[in-house]
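Got your viewer open and a hand on the mouse? Let's take a walk through this one, one selection at a time.

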Amino acid sequence: MNILKGLFVTATDTDIGKTVISGAILAALKNRGTNIGALKPLASGCIRNNQGILEAEDATFLMKALDFPEGKRSEVNLLSLEPALTPAVAAKVSGVEINISTVMEHCHKVADKYEAVLVEGVGGITAPLVDDYLLADMIVEMKLPTVLVATAGLGSINQVVLTYEYAKQRNIDLVGIIINKYDENNAGILEESNIEYMKRLTGLPILGKFPILKSLDISSSQLGKIAEAYINITEIINIMEMNK
């Protein structure tokens, strides 16, 4: 298989907002003319549409960020699981077998269609995908530079530093941190000092401070403009170029 070109987006925990950040980056890259693809290989906590078919809301958002038609859903998201559990457990509960080789083959096949691809993970980097195969193992296999999405609230220093140290042990190339759900107008010493300690203790740059979106019902063009205002898209492009 060819080496994947692009970016991996992970987070310190679930519900941090990595889908919003992934979509924002995708929309900005699309606006700049990059032929970029999106992958949410595995998704749990999916809901059934009017036809009773499981759909991943995360994949829907990534598709909207790129103006992808519904026909590309199976490209973006290979496997949707209904239980809101880590994929390894959600699959067992659902009686579904996850074949990592098949997942990786799909990712490479999709990536071959584009200049680069953005891959969004599930939960944090130690989330089990199949038995003892963790999200970290997938990132290691993909060899993609990885952005860590975090918040700046209480406990965030601990989450960021522990994720960074584990990633370092696994030779995962963490390239920067994006702070999500950041309220610039009301940020105080808690948020400012947390971010400063994240930089100091990891040596990683802060690639953006992204606000809470008032609505997720937003066009690709609008989302891309917001991303340009709050995320260092030029640096992300440079990072991706270095990985080619």
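## Stop one: the sheet

Start with the open sheet of six strands, which run in the order S2-S7-S1-S10-S11-S12 with parallel pairing. At its edges you'll find strand S2 (36-39) and strand S12 (206-209), each of which pairs on one side only. From one strand to the next, the twist averages 20°. Keep in mind as you click around that this is a predicted model.

Now select strand S1 (residues 6-11) together with S7. These two pair in the parallel sense, over four bridges. Show the side chain of phenylalanine 8 and look across to S7: valine 119 stands opposite.

Next, swing over to S2. S2 also pairs with S7 in the parallel sense, over four bridges. Pick leucine 39 here, and its bridge partner in S7 turns out to be valine 119. So which residues of S2 are buried on each side? Ile36 and Ala38 are buried on one side, and Gly37 and Leu39 are buried on the other, leaving both faces of S2 covered. As a general point, side chains in a regular strand alternate between the two faces of the sheet.

## Stop two: helices across the sheet

Keep the sheet on screen and add helix H6 (residues 135-142). H6 lies across S1, S7 and strand S10 (146-150), and runs at about 165° to S1.

Then add helix H8 (residues 189-202). This one lies across strand S11 (174-179) and S12, running at about 175° to S11.

## Stop three: serine 22

Select helix H1 (residues 18-31) and pick out serine 22 within it. Is serine 22 buried or exposed? Serine 22 counts as buried because its relative accessible area is 0%. To see what surrounds serine 22, leave aside its neighbours within four places in sequence: the contacts are then Val9, Leu62, Leu118 and Glu120. Hold on to Glu120, as that residue comes back at later stops.

## Stop four: helix H4

Move on to helix H4 (residues 87-94), and colour Pro87, Ala88, Ala90 and Ala91, which are buried. What do the buried residues of H4 pack against? Strand S3 (42-43) and strand S8 (128-130) are their partners. Step just past the end of H4 and you reach glycine 95, which takes a positive phi of about 70°.

## Stop five: the pockets

Turn on a surface and look for the largest pocket, with about 800 Å³ of space. Of the 34 residues lining it, Thr14, Asp15, Thr19, Asp58 and Glu120 are the closest to its centre, so select those to find your bearings. H1 and helix H2 (57-65) each give at least two residues to this lining, and H2 provides the largest share, with five. What kinds of residues line the largest pocket? The lining divides into 16 nonpolar, 10 polar and eight charged residues.

For the second largest pocket, the volume is about 240 Å³. Its lining is worth selecting in full: Tyr182, Asp183, Glu184, Asn185, Lys209, Pro211, Ile212, Leu213, Lys214, Ile226 and Tyr230. Those residues come to six nonpolar, one polar and four charged.

## Stop six: the cavities

Switch to a clipped view for the last stop. How many cavities of 30 Å³ or more does the structure hold? There are two.

The largest cavity has a volume of about 50 Å³. Among the 11 residues lining the largest cavity, Ile3, Leu4, Lys5, Ala111 and Asp112 are the closest to its centre. Helix H5 (100-111) and strand S7 (116-120) each supply at least two residues of that lining. By type, the lining of the largest cavity has six nonpolar, two polar and three charged residues.

The second largest cavity has a volume of about 40 Å³. Select Pro41, Leu42, Glu120, Gly121, Val122, Leu129, Leu135 and Met138 to show its lining. Six of these residues are nonpolar, one is polar and one is charged.

Before you close the viewer, go back to Glu120. Glu120 is in contact with serine 22, is one of the residues closest to the centre of the largest pocket, and also helps line the second largest cavity.

Notes:
Residues are numbered from 1 along each chain as its sequence is written. This is a predicted model: local features need pLDDT of at least 70, side-chain atom pairs count only at pLDDT 80 or more; totals for chains, interfaces and linings use all residues. Side-chain values use heavy atoms; hydrogens and water are left out. Buried means under 20% relative accessible area, exposed over 50%, partly exposed in between (1.4 Å probe, protein chains only). Contact means heavy atoms within 4.5 Å. On a 1 Å grid over the protein atoms alone, a cavity is a set of points where a 1.4 Å probe fits but cannot get out, and a pocket is an open set with protein on both sides within 12 Å along at least five of seven lines; lining residues have an atom within 4 Å of a point. Grid points are joined across faces, edges and corners, and a volume is the space filled by probe spheres set on the points. Ala, Val, Leu, Ile, Met, Phe, Trp, Tyr, Cys and Pro count as nonpolar, Asp, Glu, Lys and Arg as charged, and the others, Gly among them, as polar. Two strands pair if DSSP finds at least two bridges between them. Axes are lines fitted to C-alpha atoms, for helices over the stretch in contact, and angles run from 0 to 180 degrees between N-to-C directions.
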